[in-house]
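Me: I would like a close look at one part of this model, the sheet. Please give one connected account rather than a list.

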Amino acid sequence: MNRRTKIAAVAAALLITAGAAGSATASGDGKGADREAAALTGSAKLYRPAGDDITMSFDAHLAKDALPWEATGTFRFSHYKGDFAAAADVKVDCLVTGGKVATVTGVITRGEGLLATAVGKRVGISVHDTARGRDRLGYSWMASNDPLTDEVPKCTSAAPFERTKEGTGDLKVLPWQFEYPTD
């Protein structure tokens, strides 16, 4: 094998190795070797023709090799219209994603307005990142219309039935890459 052929063979081997490593694990943008297991980030307003200002924002992460209930981060939701106000800051306690759908739960750490007495309650939100600018969301209090009444288990929410307001969202779901144990 001449020198040029050896260099080409080594370069090809390095590219194949890098490609295999990149397909197994990647960074938050889908490239590199330090990819977190899953994430839900960004913010959006819900579509409300009556003028309600409902905003959801997320910064939830699942570290590589972590389980969903070991997720970290925060999310916030707010609903304002006229004299009505409800908002909450939430500490993430579970995150699971599948494809471009995520479900995140957490415990309210600070509430205002209607949610001032909700500290300590768990809530859940689901997101479908459609990549078309019209993401969808669902929330655990969908059936009761009151986050104060439901006991929500970790990683539980309603299907993402609500549409986001066009041009207001940048929700991003990083699909979970679960490594199955080998025998």
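What does the accessible surface of the chain come to, and what share of it belongs to carbon and sulfur atoms? After that, please go through the open sheet: its strand order, its hairpins, its core and the salt bridges around it.

Reply: The model is a predicted one. The accessible surface of the chain comes to about 10,300 Å², and carbon and sulfur atoms account for 57% of that area. The chain has 183 residues, of which 34% are buried. It contains one helix and nine strands. Reading from the N terminus, the helix comes first and the strands follow, in the pattern α-β-β-β-β-β-β-β-β-β.

Now the sheet itself. It is open, has nine strands, and its order is E8-E7-E6-E5-E4-E3-E2-E1-E9, with antiparallel pairing. E8 (162-163) and E9 stand at the edges with a single partner strand each, so one side of each has no neighbour in the sheet. Contacts can be sorted by sequence distance as well: among those between residues at least 6 apart, 55% join residues at least 24 apart.

Two hairpins can be followed in detail. E3 and E4 run antiparallel and are joined by eight bridges. Two residues lie between these strands, and Gly82 in the turn has a positive phi of about 55°. Across this pair, Arg76 stands opposite Asp89 in E4. The second hairpin is made by E4 and E5, which are antiparallel and joined by 12 bridges. It too has two residues between its strands, with a positive phi of about 60° at Gly99 in the turn. Here Leu95 stands opposite Val104 in E5.

At the E8 edge, the pairing of E7 with E8 is antiparallel and has two bridges. One bridge position sets Leu137 against Glu162 in E8.

The core draws on the same strands. In soluble globular proteins, nonpolar side chains tend to be buried together. The largest nonpolar core of this model has 32 residues, and the members that touch the most others are Phe58, Phe77 and Ile125. Two or more residues of this core come from each of E1 (38-45), E2 (53-62), E3 (72-81), E4 (84-98), E5 (101-113), E6 (122-128) and E7 (136-139). Phe77 is worth a separate look. Leaving aside residues up to four places away in sequence, its contacts include Ala86, Ala87, Ala88 and Val90. Others among the residues that Phe77 touches are Thr55, Met56, Ile108, Leu115, Val123 and Trp141, and Ile125 is also one of them.

Some nonpolar side chains are on the surface instead. Leu67, Trp69 and Phe178 form a nonpolar patch there, with about 310 Å² of accessible area together. Phe178 sits in the segment after strand E9 (172-174). Its relative accessible area is 36%, so Phe178 counts as partly exposed.

The charged side chains come next. The structure holds 11 salt bridges. In one of them, the closest N and O atoms of Arg48 and Glu162 are 2.7 Å apart. Arg48 is in the loop between E1 and E2 and Glu162 is in strand E8, so this pair ties together parts that are 114 residues apart in sequence. Arg48 is partly exposed at 26% relative accessible area, whereas Glu162 is buried at 10%. Glu162 therefore has a salt bridge to Arg48 as well as a backbone role as the bridge partner of Leu137, and it falls under the 20% limit for a buried residue.

Another pair is Arg134 and Glu166, whose side chains meet in a salt bridge at 3.8 Å, N to O. Arg134 belongs to the loop between E6 and E7 and Glu166 to the loop between E8 and E9, so parts 32 residues apart in sequence are tied together. Arg134 is partly exposed, with 24% relative accessible area, while Glu166 is exposed, with 60%.

A further salt bridge joins Glu112 to Arg110, with the closest N and O atoms 3.4 Å apart. Both residues are partly exposed: Glu112 has 26% relative accessibility and Arg110 has 38%. These two belong to a network of salt bridges that also takes in Arg76 and Asp89. That brings the account back to the first hairpin, where Arg76 stands opposite Asp89 in E4.

How values were computed: Residues are numbered from 1 along each chain as its sequence is written. This is a predicted model: local features need pLDDT of at least 70, side-chain atom pairs count only at pLDDT 80 or more; totals for chains, interfaces and linings use all residues. Side-chain values use heavy atoms; hydrogens and water are left out. A nonpolar core is a set of buried Ala, Val, Leu, Ile, Met, Phe, Trp, Tyr and Cys residues joined through side-chain atoms within 4.5 Å. Buried means under 20% relative accessible area, exposed over 50%, partly exposed in between (1.4 Å probe, protein chains only). Helices (H or I, at least four residues) and strands (E, at least two) are DSSP runs, numbered from the N terminus. Contact means heavy atoms within 4.5 Å. Patches are made of residues with over 30% relative accessible area and no salt bridge: like charges are joined within 9 Å, nonpolar side chains (Val, Leu, Ile, Met, Phe, Trp, Tyr) within 5 Å. Accessible areas come from the Shrake-Rupley method with a 1.4 Å probe; for residues, only the protein chains shown count as cover. A salt bridge is a side-chain nitrogen of Lys or Arg within 4 Å of a carboxyl oxygen of Asp or Glu. Two strands pair if DSSP finds at least two bridges between them.
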